[in-house]
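Colleague: I'm new to reading structures, and I'd like a close look at one part of this one. Could you walk me through the charged side chains that pair up, and what lies around them?

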Amino acid sequence: MLSAGGGAPRFAPRVVLELASNTKEEAITWLLSRIRDTQHNGGAELLVEQLGPGLDAQEKENPNMFLVGATWQRLLSGAEDLGLFKEFNDGSMRSFTCANKDNFKDFKGDGDSFLSTAECQYIIKHELDTLRAKDETHVPGHSQVKLYPGKSVIRRLLSKGILIQVFPLHEKEELKRLSFAWYKKLKLSFQPLEDIRHYYGEGQALYFGFLEYFTFALVPMALIGVPYYLFDWEDYDKYVVFAAFNLVWCTVILELWKRFSSSLAYRWGTLSRKKAFEEPRPGFHGVLGFNPVTGRQEPLYPNTKRQLRVYLVSLPFVLLCLYLSLYVMMIYFLMEGWALSIHDAEPTFWTGMLCFIPSVIYAVVIEIMNLIYRYAAEFLTEWENHRLESSYQNHLVLKVLVFNFFNCFASLFYIAFVMQDMVLLRQSLATLLITSQILNQFMEAFLPYWLQRRRNKKMVRKIHKGKTLEDRELPLADQVRLEADMSTYLGTFDDYLELFLLFGYVSLFSCVYPLAAVLVVLNNVTEVYSDAFKMCRVFKRPFSDPAANIGVWQLAFEAMSVIAVVTNCSLIGMSPQVKAYFPDSDMQLILWTVAIEHGLLAFKFILTFLIPDVPKHIQINLARLEFESLEALKKKKMLEASELTKAAQ
């Protein structure tokens, strides 16, 4: 637990609510009463207290910060409401029920260690999110913030800026243990996925599990690629075996990952968990009406209007951005030609170095364009007014993936299939890959760390005269305010996007630059430590995301592996050494290339079919659980029928 300061709370604080400093007193009183009220009266039945001032309180500190917790009995009932799956005494995973709690493996005593900290915070967040307005027409003291029966109170306050943020608190001792096991000592071992899942939840643990799996899966490609690179063969027909191995191996590792992630999700209780009914996003707006599913009042927005926005505004904007990316690419080729002409006129060491400058500049420009486009894509997707968070994320992922793929790989495709310059392709691929890795490490690790270190020093200097956070533990009030000022973790979107692009560099042109897998493995090793450091030291603790898989990213990686088959077959077919086997007919070469490409694609899809996504023993356990649920439902109906018969007699 965090040490107390400014008056210790009477419960274990798990979540922080920060309201705007100008929030009316009656609005605060109303919100706190709704949070504390019993579930029977429509409240959340949680514990909440105002955060006291720090040791060196200043007038500019926001006084409207509140600590939220819950009794263990309330957390257990929340776990039942959410349908959390926990390990049963017989080793199977079953939905938790309070009536059956003693039959669960890790339930001891009052169950005060049965739920992980991430699960406790997720339950509290769920209870806050489902706190609904009753007969209020507006938020007390804020007549402009309208309410109607069934509206989510927290979502309304967030969308109107009355509630600034809701975030879970770090557990200092648990975080220290996790940090030491995770990134504070350099060692050749697996990541502590169970500890990560316990502290951050399943979504984060799955990402780090995928990062680790992806890194180990690339090792065979890296080991085979090193001799190819060292011998520096110019005969590209010798790369046929290497390219074929890579393409098959990419399919195998993606299919085996699905099995591995299914095993993890089953062990963590998210594989068979029923998906919760999605509520409208906080930013969703429309004309007030009735939801035909829930019967509750909520904003309604015509789907036709949304589709018009997507196809008449968003799509043309994306196409315009792709055109601008193409224009920048052509400028890069002009710079490349200029550098090569200087080197050809006077070949020296410095002119040789000059040849790499255009690629480095282009790689930096690509990263800047990706960043600017990301903000534009988020704005457009928000403007499209999607009702559900899942729909919003799918549209955002599609926009960002299309642009990033085109922006990062268009120049390589142009060099490969228009210029047909394999030497320049290898040089450009290496420069783009190395430069993007350096920039990503700087943007993702060093820059956030430096900014957070500056914030920390301001807080720590006030209290401990410049000592670091490790030297002495901060009081609760100051620790909460320090965490409130930390950067917000925006999820695994950018992390998966980075891995997706690295996978593209490895798979799309593997027959041209075999060393790509080696560079990606080295990058991923540092990525594990930098991402772990960011999670523990730079960002606020995120709420748990009970994910069962990596979602739409699995499809993205599989699509990339299919494109890789086409590009590698085409590159090998275009090489002079392969063309020499077909001196009389280009059509015959094309037909053979297409036939081999179709054969590899067919083999990929056969492998996909032959390797089940879920291991057999897990399929049996899930089927048995479903059978037992149906049997229990039958018995319940028979019991109810017999009771009705007795009552009628």
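Modeller: What follows is a walk through some salt bridges and one helix contact. Keep in mind that this is a predicted model. Here's the basic idea: side chains of opposite charge can pair when their charged atoms come close. A search of the whole structure turns up 17 salt bridges, and I'll take you through a few of them.

Let's begin with Glu119 and Arg197, whose side chains meet in a salt bridge at 3.2 Å, N to O. This pair links distant parts of the chain, with Glu119 in helix H3 and Arg197 in helix H6 (residues 193-200), 78 residues apart. Are these two buried or exposed? Both Glu119 and Arg197 are buried. They also have company: Lys86, Glu119, Arg197 and Glu202 are linked in a network of salt bridges.

Now look at the two helices that carry this pair. Two packed helices are described by the angle between their axes and the distance between the axes. For H3 and H6, the angle is about 25 degrees and the axes are 5 Å apart. Angles under 35 degrees count as roughly parallel, so H3 and H6 are roughly parallel to each other. On the H3 side, the contact is made by Thr117, Ala118 and Glu119, while H6 brings Arg197, His198, Tyr199 and Tyr200. Sort the residues of this contact by character and you get three nonpolar, two polar and two charged. Notice that Glu119 and Arg197, our salt-bridge partners, are both in that contact.

Next, try Arg34 and Glu136, which form a salt bridge at 3.4 Å, N to O. Again distant parts of the chain are linked: Arg34 sits in helix H1 (residues 25-36), and Glu136 is in the loop between helix H3 (117-129) and strand E6 (138-139), 102 residues apart. Why do we call them buried? The cut-off for buried is under 20% relative accessible area. Arg34 counts as buried because its value is 4%, and Glu136 does so because its value is 14%.

Last stop: Lys399 and Glu384, with a salt bridge at 2.9 Å, N to O. Lys399 belongs to helix H12 (residues 389-419), whereas Glu384 lies in the loop between helix H11 (357-383) and H12, 15 residues apart. The burial cut-off applies here too: Lys399 is buried because its relative accessibility is 8%, and Glu384 is buried because its relative accessible area is 0%.

Key:
Residues are numbered from 1 along each chain as its sequence is written. This is a predicted model: local features need pLDDT of at least 70, side-chain atom pairs count only at pLDDT 80 or more; totals for chains, interfaces and linings use all residues. Side-chain values use heavy atoms; hydrogens and water are left out. A salt bridge is a side-chain nitrogen of Lys or Arg within 4 Å of a carboxyl oxygen of Asp or Glu. Helices (H or I, at least four residues) and strands (E, at least two) are DSSP runs, numbered from the N terminus. Buried means under 20% relative accessible area, exposed over 50%, partly exposed in between (1.4 Å probe, protein chains only). Axes are lines fitted to C-alpha atoms, for helices over the stretch in contact, and angles run from 0 to 180 degrees between N-to-C directions. Angles under 35 degrees count as roughly parallel, over 145 as roughly antiparallel, 65 to 115 as roughly perpendicular and the rest as oblique. Contact means heavy atoms within 4.5 Å. Ala, Val, Leu, Ile, Met, Phe, Trp, Tyr, Cys and Pro count as nonpolar, Asp, Glu, Lys and Arg as charged, and the others, Gly among them, as polar.
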